[in-house]
Amino acid sequence: MKGVSVQRVCFLLKVRPERLAEYRDRHREVWPEMRDALARTGWHNYSLFLKDDGLLVGYLETEDFEAAKKAMAETEVNARWQAEMAPFFESLDGRPDEGMHPLDEVFHLD
């Protein structure tokens, strides 16, 4: 993504404490077609970090977060993945990808 304007996106979600082990297991083997769809729709340098209390921190880089979310939402594999992941989260109305509200970036060091 050199030479391209990059939007850095960070978001928080909350995984149910009783589902932490299974959530970790599911992410050890993300479906290849899901990984391909993320890359194809503009999700780069995407990471998830999970605390023992269930706090999930997501980070990604993209040219346009809204466009990347929209493109992913239009894929069949994303619909299947989101349906399987939704029960893992607390306080979520809808799919996990719909609950991703970016935090404001207040500092960045290149």
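**Notebook: fold, core and ring cluster**

I started with the order of elements, and along the sequence the protein reads β-α-α-β-β-α-α. That makes four helices and three strands, taken as DSSP runs (helices H or I of at least four residues, strands E of at least two) and numbered from the N terminus.

Ground rules, before I go on: this is a predicted model, where local features need pLDDT of at least 70, side-chain atom pairs count only at pLDDT 80 or more, and totals for chains, interfaces and linings use all residues. Residues are numbered from 1 along each chain as its sequence is written, and side-chain values use heavy atoms, leaving out hydrogens and water.

**Overall size**

I looked up the radius of gyration, taken over C-alpha atoms. The protein has 14 Å, close to the 13 Å of the globule rule for 110 residues, so it is as compact as a globular protein of that length. The rule itself is 2.2 Å times the number of residues to the power 0.38. The C-alpha trace spans about 45 × 35 × 25 Å along its principal axes.

Next I checked burial: 33% of the 110 residues count as buried (under 20% relative accessible area, with over 50% exposed and partly exposed in between; 1.4 Å probe, protein chains only).

**Core**

I then asked which residues have the most contacts inside the largest nonpolar core. They are Y23, M34, W43, L60, F89 and M100, in a core of 23 residues. Elements giving it two or more residues are β1 (7-14), α1 (20-28), α2 (32-40), β3 (55-62), α3 (65-73) and α4 (76-85). Such a core is a set of buried Ala, Val, Leu, Ile, Met, Phe, Trp, Tyr and Cys residues joined through side-chain atoms within 4.5 Å.

I followed M34 outward: beyond neighbours within four places in sequence, it is in contact (heavy atoms within 4.5 Å) with M72, V77, N78, W81 and Q82.

**Rings**

A search of the whole structure gave me five aromatic pairs. Rings of Phe, Tyr and Trp (its six-membered ring) pair if their centres lie within 6.5 Å; planes under 30 degrees apart are stacked, over 60 edge-to-face and the rest tilted.

Y23 and F88 are edge-to-face, 5.8 Å centre to centre with 65 degrees between the planes. The pair links helix α1 to the segment after α4, 65 residues apart. Y23 also pairs edge-to-face with F89, at 5.7 Å and 80 degrees. I noted that Y23, F88 and F89 are linked by ring pairs into a cluster. Relative accessible area is 5% for Y23 and 4% for F89.

Last, I found R19 over the face of F88, 4.1 Å from the ring centre (CZ of Arg or NZ of Lys within 6 Å of the centre and within 35 degrees of the ring normal).
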